[in-house]
Structures are given as C-alpha cells and as structure tokens.
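Biologist: Please put the model on screen. I would like to go through its backbone, its ligand and its largest pocket in turn.

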Amino acid sequence: MRTTTPSRTRLGLAGALAALLMGAGLATGPAAQAKEKPPTLAELAQRHGRYFGSATDNPELTDGAYTALLGSQFDMITPGNGMKWYATEPEQGVFDWTNGDEIVNLARKNHQRVRAHTLVWHSQLPNWLTSRDWTPDELRAVLKKHITTEVRHYRGKVYSWDVVNEAFNEDGTYRETIWYKTLGPGYIADALRWAHQADPHAKLYLNDYNIEGTGPKSDAYYRLAQDLEAQGVPLDGIGFQAHLALQYGYPSTLEDNLRRFSRLGLDTALTEVDVRMQLPATDEKLAQQATWYRDLTKACLAVRRCVGVTVWDYTDKYSWIPAVFPGEGAALPWDEQLRPKPAYFALREALGGK
Ligand code: G3I
C-alpha cells in the first residue's frame with residue numbers, strides 16, 4: 001500500500017528549494033506556492049486509511065491525457081471488462097489474459113492496487129458457455145476450472161476479487177442465472193472456496209447494485225453473509241456498486257447499511273460509483289450530484305470497515321451510461337473533456353482536502 005510519504009517528500013523538497021532560493025535572494029511566495037500540486041484523491045483517502053479507485057477499460061488506455069489522470073489520482077484500479085469470462089476464456093479451456101494483464105501491469109507501474117472483477121456473473125459470458133445445456137456435474141467442473149485458473153493467474157497481483165456479481169433480484173430472491181438454475185444456491189459458497197484455494201491472500205467479495213440502502217435485496221446479502229459465515233465459507237467483503245441516479249433519490253440508509261455488514265466482521269466498499277442524471281446537465285443537477293458524491297464518501301469514512309471508494313471510470317468520456325440509458329449521463333467527477341466537475345471538488349472536501 002502506498003503511504004503519504006511521496007507528497008511529504010515533495011513538500012520537503014519544495015521547502016528546501018524555497019530556502020535555497022531565498023538564500024540566493026530570489027523571490028518565492030504565493031505565486032510559487034500556488035504551483036505546488038494539491039494532494040490527489042488517493043493521497044487524501046490514504047490519510048483515512050482508505051483507497052480511492054477508478055475502473056478503466058483497455059480501449060481507453062491509448063488516450064494519454066486520460067491515462068495521466070488515471071495513473072495519478074487513484075490508488076486502486078478495477079478492469080471494467082478485461083477480466084470477465086468472455087474476455088478471459090473465450091473458448092472452453094483456452095484462456096486469454098491480454099486485457100487483464102495490460103491493466104494489472106499498468107496499475108503496477110503506477111503503484112496502484114487492483115480490485116479484480118469478476119469471476120461468476122450471468123452477463124458477458126462466452127457463447128460456448130451459454131449456447132448449450134450442461135448437467136450440474138459438467139457446469140460445476142467448468143466453473144471450478146475457470147475460477148481456479150483465473151485466480152491462480154492473478155495470484156499475488158490483485159488485492160481482491162469480486163467472486164460473485166449480482167446474484168440477487170430486487171425482491172431478494174436468487175437471480176435465475178445459469179449458475180443458480182443448474183447448481184442451486186450452493187454455487188456461491190463453492191465459488192468462494194475455490195477462489196480462496198487459488199489465492200488465499202486475495203480479499204473475496206460479493207458485489208451488487210441497488211443494495212446501498214436497506215431493503216429486500218440488501219437484506220438478502222445480509223442473510224447470505226450470515227449463512228456463509230456460519231458455514232465457515234471464506235468471504236471478506238460486500239461490494240456496494242452504487243450506480244446511483246438523481247431521479248431515484250439518494251440512498252439515505254447507506255451508512256447504517258454499511259455498518260451492519262461491518263458488524264458481521266466484513267469489509268465493505270463502494271465499488272462502481274456513478275451518479276447519473278437526465279441530460280442536459282444543469283448547474284443545479286451538477287451541484288446535487290456533487291452533494292451525493294460528498295455524502296457517499298463521508299458515509300464510507302464514517303464506517304471503520306468501509307475500505308474504499310471506486311468510481312466506475314472517472315470521466316464522462318468513457319462512461320457506460322449513455323449507451324445503456326439513452327438520454328442520461330454526466331455521471332462522473334470529470335467531464336468529457338477531462339475537466340473536474342463540482343463532484344470532484346466535493347470528493348476532495350469529503351476527504352478533508354481543499
Ligand atoms: O467488445 C465489444 C466490441 O467488440 C464491439 O465493437 C462493441 C460495440 O458495441 O461492443 C463491445 O462490447 C461492449 C463491452 O462493454 C466492451 O466495451 C458491450 O457492447 C457493452 O455492453 C459492454 O458494457 C459493459 C457492461 O458492464 C456490460 O454489462 C460496460 O463496459 C461495463 O462498464 C459494465 O460494467 C458493469 C459491471 O461489470 C457490473 N456492474 C454494472 C456495470 C455497469 O453495467
């Protein structure tokens with residue numbers, strides 16, 4: 001984990017330089033100080049023992065202005081697509097690490113950790129897997145091999161895994177995925193056990209959306225976490241995606257909800273944060289969005305075991321939202337020109353920076 005040392009070192013050097021310049025009779029002062037870099041979101045979060053992360057995706061990595069901010073403002077990176085099943089096992093038994101490795105290597109170069117995403121999901125599966133029927137024995141073997149091979153490949157290189165993604169419906173019943181329909185609810189415990197065997201040091205998460213506030217879906221995770229704990233299944237945390245939308249209201253029970261999971265002995269994290277709005281974005285909506293970013297960050301800081309916040313990419317330029325929710329967007333703290341929005345300044349404020 002990075003510490004605040006680099007910025008302290010920079011300050012120390014700057015101070016030493018100022019002393020030298022003064023000794024040489026050269027002017028220093030507000031103008032010179034103004035050029036000093038403010039701490040990054042990551043550095044601010046580290047002061048609270050938290051991380052501040054961003055998702056990214058391989059096609060964007062050719063954009064130099066984008067990668068400069070990605071590499072400097074954040075200390076945790078999530079591959080938005082590169083580690084999903086369609087990317088990593090496009091043919092049965094044939095593994096392709098190109099996209100995931102590219103992001104892990106970039107993160108390493110930038111001294112960032114990686115939240116790996118995701119092993120078991122119903123979406124973005126390869127055709128070979130979805131286009132035929134499997135017996136339970138066959139599918140268990142397919143799932144075990146995928147998890148074991150992928151987690152072993154990234155063993156020691158990632159901080160955590162979203163082992164199972166989006167397992168529940170809104171009403172708290174199990175989502176009828178290929179996994180649930182063929183294997184029953186036990187696939188979740190199996191997946192966690194296999195992942196733990198393959199990398200005993202990676203933190204293992206269940207991850208979902210619309211569980212930020214208390215309600216049937218969040219309750220389903222609470223019960224599941226209790227059950228898994230009682231069975232001795234390795235589970236370290238719950239990921240609250242936090243894909244929020246201004247028109248649906250702020251999840252005001254977020255902090256209490258994070259806290260009840262903490263009390264089960266679990267880490268929590270906000271894993272895919274964005275706050276979308278109906279376009280066009282107005283000053284008023286951007287101000288409201290900023291308040292939400294501030295409040296959700298403060299909620300995480302208020303709960304001891306909430307380990308960090310990750311935005312689902314940091315700029316509107318590469319957001320998934322306009323393609324999926326036509327007429328909506330402007331969801332991230334930087335705009336399409338990579339200019340910081342009110343939400344960015346609200347994040348800094350929430351993290352105790354200026
Ligand atoms: O790779 C193809 C490319 O070959 C093709 O030319 C292009 C044309 O549409 O599509 C590309 O695939 C897209 C893929 O992202 C990679 O860019 C898919 O269409 C697109 O649907 C897919 O969207 C991803 C989405 O998951 C799929 O559900 C988003 O980028 C990704 O940010 C998003 O992330 C999910 C999390 O994993 C789980 N939580 C919700 C979150 C948002 O949906």
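Biologist: Where does Pro280 lie?
Modeller: This is a predicted model. The peptide bond from Leu279 to Pro280 is cis, with omega near 5°. Pro280 itself is placed in the loop between β8 and α13 (283-302).

Biologist: Which strand holds Thr118?
Modeller: Most peptide bonds are trans. The bond joining His117 and Thr118 is cis, with omega about -5°. Thr118 belongs to residues 113-120, which form strand β3.

Biologist: What is the phi of Asp313?
Modeller: Most residues other than glycine have a negative phi. Asp313 sits in the loop between β9 (306-311) and α14 (321-324). Its phi is positive although the residue is not glycine, at a value near 70°.

Biologist: Which residues come nearest to the ligand?
Modeller: The shell around the ligand has four nonpolar, seven polar and four charged residues. Of the 15 residues in that shell, the nearest are Asn81, Lys84, His117, Glu272 and Trp312.

Biologist: How far is a polar side-chain atom of Glu272 from a nitrogen atom of the ligand?
Modeller: Polar contacts are counted here between N or O atoms within 3.5 Å. Side-chain N or O atoms of Lys84 and His117 meet that limit with oxygen atoms of the ligand, at 2.6 Å for Lys84 and 2.7 Å for His117. For Glu272 the partner is a nitrogen atom of the ligand, and the distance is 2.7 Å.

Biologist: What share of the ligand's exposed area does the protein bury?
Modeller: The reference is the ligand taken alone, which exposes 790 Å². Of that area, the protein buries 49%.

Biologist: Which elements give two or more residues to the lining of the largest pocket?
Modeller: The largest pocket holds about 510 Å³ of space. It is lined by 25 residues, and His243, Glu272, Trp312, Trp320 and Val324 are the closest to its centre. The elements that contribute two or more lining residues are β1 (51-56) and β8 (267-278).

Biologist: How many residues of that lining are charged?
Modeller: Eight residues of the lining of the largest pocket are nonpolar and ten are polar. The charged residues number seven.

Biologist: Which UniProt annotation covers residues 55-350?
Modeller: Over residues 55-350 the chain is 42% helix and 18% strand. The C-alpha atoms at the two ends of this stretch are 20 Å apart. The unreviewed UniProt entry gives residues 55-350 the annotation "domain: GH10".

Note on methods. Residues are numbered from 1 along each chain as its sequence is written. This is a predicted model: local features need pLDDT of at least 70, side-chain atom pairs count only at pLDDT 80 or more; totals for chains, interfaces and linings use all residues. Side-chain values use heavy atoms; hydrogens and water are left out. On a 1 Å grid over the protein atoms alone, a cavity is a set of points where a 1.4 Å probe fits but cannot get out, and a pocket is an open set with protein on both sides within 12 Å along at least five of seven lines; lining residues have an atom within 4 Å of a point. Grid points are joined across faces, edges and corners, and a volume is the space filled by probe spheres set on the points. Helices (H or I, at least four residues) and strands (E, at least two) are DSSP runs, numbered from the N terminus. Ala, Val, Leu, Ile, Met, Phe, Trp, Tyr, Cys and Pro count as nonpolar, Asp, Glu, Lys and Arg as charged, and the others, Gly among them, as polar. A residue is near a molecule or strand if one of its heavy atoms lies within 4 Å of it. A polar contact is a pair of N or O atoms within 3.5 Å; within protein, one must be able to donate a hydrogen and the other to accept it, and residues adjacent in sequence count only if both atoms are side-chain atoms. Accessible areas come from the Shrake-Rupley method with a 1.4 Å probe; for residues, only the protein chains shown count as cover. UniProt positions are given in the numbering used here, feature names are shortened, and annotations may be inferred rather than shown by experiment.
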